[in-house]
Amino acid sequence: MASVVRLQHVSIPMPEGGLERAREFYGDKLGLERKPVPSALNAEEIIWFRLGDGDDELHVFTERGQPKSPGAHLCIQVDDIQAWRDRLTSQGIAIEETDAIVNRPRFFIRDPFNNRVEITQILGDYNDP
């Protein structure tokens, strides 16, 4: 039987002309490594980043038309949530607090295009009291 292997990538929108802000935020501020965009795609309208040490990817694409859902977001797992909170705050990025989940401290930030980005650390099973 066919099964899902893993989450391969997340795609989030940016407005036209947003490539430089995407590079600065995701590349410089969050430290994500850029990946080459396939030649079949228009590199003037999309930018790819590697998420973590594997093959997971973030694709930031130019959106035209209707606005996105307010609940849409991507989540980045980190190894030290307080260090990331300090890093982002020191760069002037506002922290948005949210409901606590057992063994998963987390908060949200916004990218330059108002997309929500969740930052979390996995400390154990969220079902453990």
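This passage describes the strands, helices, nonpolar core and aromatic contacts of a predicted model.

Four strands form one open sheet, in which the order is β1-β4-β3-β2 and the pairing is mixed. The edges of this sheet are taken by β1 and β2 (33–35); each has a single partner strand, so one side of each is left without a neighbour in the sheet. From one strand to the next, the twist averages 30°. Within the sheet, β3 and β4 run antiparallel and are joined by five bridges. In this pairing R50 stands opposite E57 in β4. Helix α1 lies across β1, β2, β3 and β4, and runs at about 10° to β3.

A further open sheet consists of three strands in the order β5-β7-β6, again with mixed pairing. Here β5 and β6 stand at the edges, and each has a single partner strand, so one side of each is left without a neighbour in the sheet. The twist in this sheet averages 25° from one strand to the next. Helix α2 packs on the sheet and touches β6 and β7, and the direction of α2 makes about 25° with that of β6.

Both kinds of pairing in the three-strand sheet involve β7. With β5, strand β7 pairs in the parallel sense over five bridges. Along this pairing L74 stands opposite V117 in β7, and I76 stands opposite I119 in β7. With β6, strand β7 runs antiparallel, and five bridges join the two. The bridge partner of F108 in β7 is E118. Strands β6 and β7 also form a hairpin with five residues between them. In the turn of this hairpin, N114 has a positive phi of about 70°.

The burial of β7 was examined residue by residue. Five of the five residues of β7 are buried, so this strand is largely enclosed by the rest of the structure. R116, E118 and T120 point one way from the strand, whereas V117 and I119 point the other way. The buried residues of β7 thus include charged ones, R116 and E118 among them. The charged end of R116 sits over the ring of F108, at 4.0 Å from the ring centre.Nonpolar side chains were considered next. In soluble globular proteins, nonpolar side chains tend to be buried together. The largest nonpolar core of the model has 26 residues, of which Y26, L30, L58, V60, I109 and I119 touch the most other members. Two or more residues of this core come from each of β1 (9–14), α1 (19–29), β3 (46–50), β4 (57–62), β5 (73–77), α2 (81–90), β6 (106–110) and β7 (116–120). The element that gives the most is α1, with four residues.

The surroundings of V60 illustrate the contacts of one such core residue. When the neighbours within four places in sequence are left aside, V60 is in contact with I12, M14, A22, Y26, E45, I46, I47, F49 and F113. Two of the residues in this list, Y26 and F49, also take part in ring pairing.

The count of aromatic pairs comes to two. F25 and Y26 form an edge-to-face pair, with 4.9 Å from centre to centre and 85° between the planes. Both F25 and Y26 are buried. In the other pair, the rings of Y26 and F49 have their centres 5.9 Å apart and their planes at 45°, so the pair is tilted. This pair links distant parts of the chain, as Y26 lies in helix α1 and F49 in strand β3, 23 residues apart. Y26 has a relative accessible area of 0% and is buried. F49 likewise counts as buried, at 0% relative accessibility. Through these ring pairs, F25, Y26 and F49 are linked into a cluster.

How values were computed. Residues are numbered from 1 along each chain as its sequence is written. This is a predicted model: local features need pLDDT of at least 70, side-chain atom pairs count only at pLDDT 80 or more; totals for chains, interfaces and linings use all residues. Side-chain values use heavy atoms; hydrogens and water are left out. A nonpolar core is a set of buried Ala, Val, Leu, Ile, Met, Phe, Trp, Tyr and Cys residues joined through side-chain atoms within 4.5 Å. Buried means under 20% relative accessible area, exposed over 50%, partly exposed in between (1.4 Å probe, protein chains only). Contact means heavy atoms within 4.5 Å. Rings of Phe, Tyr and Trp (its six-membered ring) pair if their centres lie within 6.5 Å; planes under 30 degrees apart count as stacked, over 60 as edge-to-face and the rest as tilted. A charge sits over a ring if NZ of Lys or CZ of Arg is within 6 Å of the ring centre and within 35 degrees of the ring normal. Two strands pair if DSSP finds at least two bridges between them. Axes are lines fitted to C-alpha atoms, for helices over the stretch in contact, and angles run from 0 to 180 degrees between N-to-C directions.
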